[in-house]
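Work through the exercises below with the sequence and the model open. Each task is followed by a solution in steps.

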Amino acid sequence: MPGGARPGDRDSPDRGLGVTSAQGAAAGGKNIGLVAHDNKKTDLVEWAVFNRQMLRHHHLYATGTTGALLERRLAVPVHRLRTGPLGGDLQLGAMIAEGRIDLLIFFWDPLEPQPHDPDVKALLRIAVVWNIPVASNRASADYLISSALMRGRYQRQVPDYSAYEERYALEVARRVGEPTPGSAPPGPGASLPAGTPVPEPGLG
């Protein structure tokens with residue numbers, strides 16, 4: 001990512017929510033995101049209690065109410081974010097994009113609509129974008145937590161989107177009439193694309 005740290009880099013920004021993904025892996029613990037919709041909170045808590053001895057060796061991050069329930073039942077520290085509808089899912093998604101989450105346990109409800117459904121979709125999407133393993137129910141969570149990769153360092157392959165970012169920047173520049181590498185700037189009589197804002201005299 002030009003001009004910034006890539007997810008997984010040791011110098012990824014830390015906003016006080018714990019160690020980076022690379023540091024957690026080096027220390028032998030993973031950074032685990034835990035989320036559950038209301039009808040799935042009981043499932044997640046029961047699963048977490050059953051796997052308490054395994055989870056206590058990792059760094060746990062959870063949204064609002066789910067985090068409070070887990071902290072009380074597990075008697076281990078849980079980094080609590082905001083509740084989902086108030087931005088907790090977005091916070092967790094940002095942590096994934098910054099390389100500070102190793103895997104996501106997200107028990108989402110397929111039968112009930114959620115008021116923050118766009119945030120839910122965004123969280124699942126960003127996990128796929130950055131190649132983060134995701135468990136969406138108890139069976140898939142069992143497979144993840146019992147994997148031998150949970151007990152050692154795993155070098156996750158981080159996708160390189162630099163070419164995509166460059167293409168996107170060029171496309172935006174083309175749409176707003178900005179000169180792009182290898183092209184001449186528009187002349188005085190050149191017309192701008194439809195919808196391009198024109199600065200008022202003396203304000204540009």
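## Exercise 1: a helix pair

In this predicted model, the axes of helix α2 (residues 41–50) and helix α4 (residues 64–74) come within 10 Å and cross at roughly 35°. Determine the handedness of the crossing of α2 and α4, and list the residues that make the contact.

Step 1. The crossing of α2 past α4 is right-handed.

Step 2. On the α2 side the contact uses K41, L44, V45, A48 and V49; α4 contributes T65, T66, L69, L70, R73 and L74.

Step 3. Sorted by class, seven of the contact residues are nonpolar, two polar and two charged.

## Exercise 2: the surroundings of β4

Decide whether strand β4 (residues 103–107) is enclosed or not, and find its strand partners.

Step 1. Five of the five residues of β4 are buried, so the strand is largely enclosed by the rest of the structure.

Step 2. L103, I105 and F107 point one way from β4, while L104 and F106 point the other way.

Step 3. Strand β1 (residues 31–36) pairs with β4 in the parallel sense over five bridges, and I32 stands opposite L103.

Step 4. β5 pairs with β4, also in the parallel sense, over two bridges; A135 of β5 is the bridge partner of I105.

## Exercise 3: an aromatic pair

Classify the pair of W130 and Y161, and state which parts it ties together.

Step 1. The ring centres of W130 and Y161 are 5.2 Å apart and the planes are at 85°. An angle over 60 degrees counts as edge-to-face, so this pair is edge-to-face.

Step 2. W130 lies in the loop between α6 (117–129) and β5 (134–135), and Y161 in the loop between α7 (138–145) and α8 (162–175), so the pair ties together parts 31 residues apart in sequence.

Step 3. W130 is buried, at 7% relative accessible area, whereas Y161 is partly exposed, at 29%.

Notes. Residues are numbered from 1 along each chain as its sequence is written. This is a predicted model: local features need pLDDT of at least 70, side-chain atom pairs count only at pLDDT 80 or more; totals for chains, interfaces and linings use all residues. Side-chain values use heavy atoms; hydrogens and water are left out. Axes are lines fitted to C-alpha atoms, for helices over the stretch in contact, and angles run from 0 to 180 degrees between N-to-C directions. Helices (H or I, at least four residues) and strands (E, at least two) are DSSP runs, numbered from the N terminus. A crossing is left-handed if the near helix is turned anticlockwise from the far one by less than a right angle, and right-handed if clockwise. Contact means heavy atoms within 4.5 Å. Ala, Val, Leu, Ile, Met, Phe, Trp, Tyr, Cys and Pro count as nonpolar, Asp, Glu, Lys and Arg as charged, and the others, Gly among them, as polar. Rings of Phe, Tyr and Trp (its six-membered ring) pair if their centres lie within 6.5 Å; planes under 30 degrees apart count as stacked, over 60 as edge-to-face and the rest as tilted. Buried means under 20% relative accessible area, exposed over 50%, partly exposed in between (1.4 Å probe, protein chains only). Two strands pair if DSSP finds at least two bridges between them.
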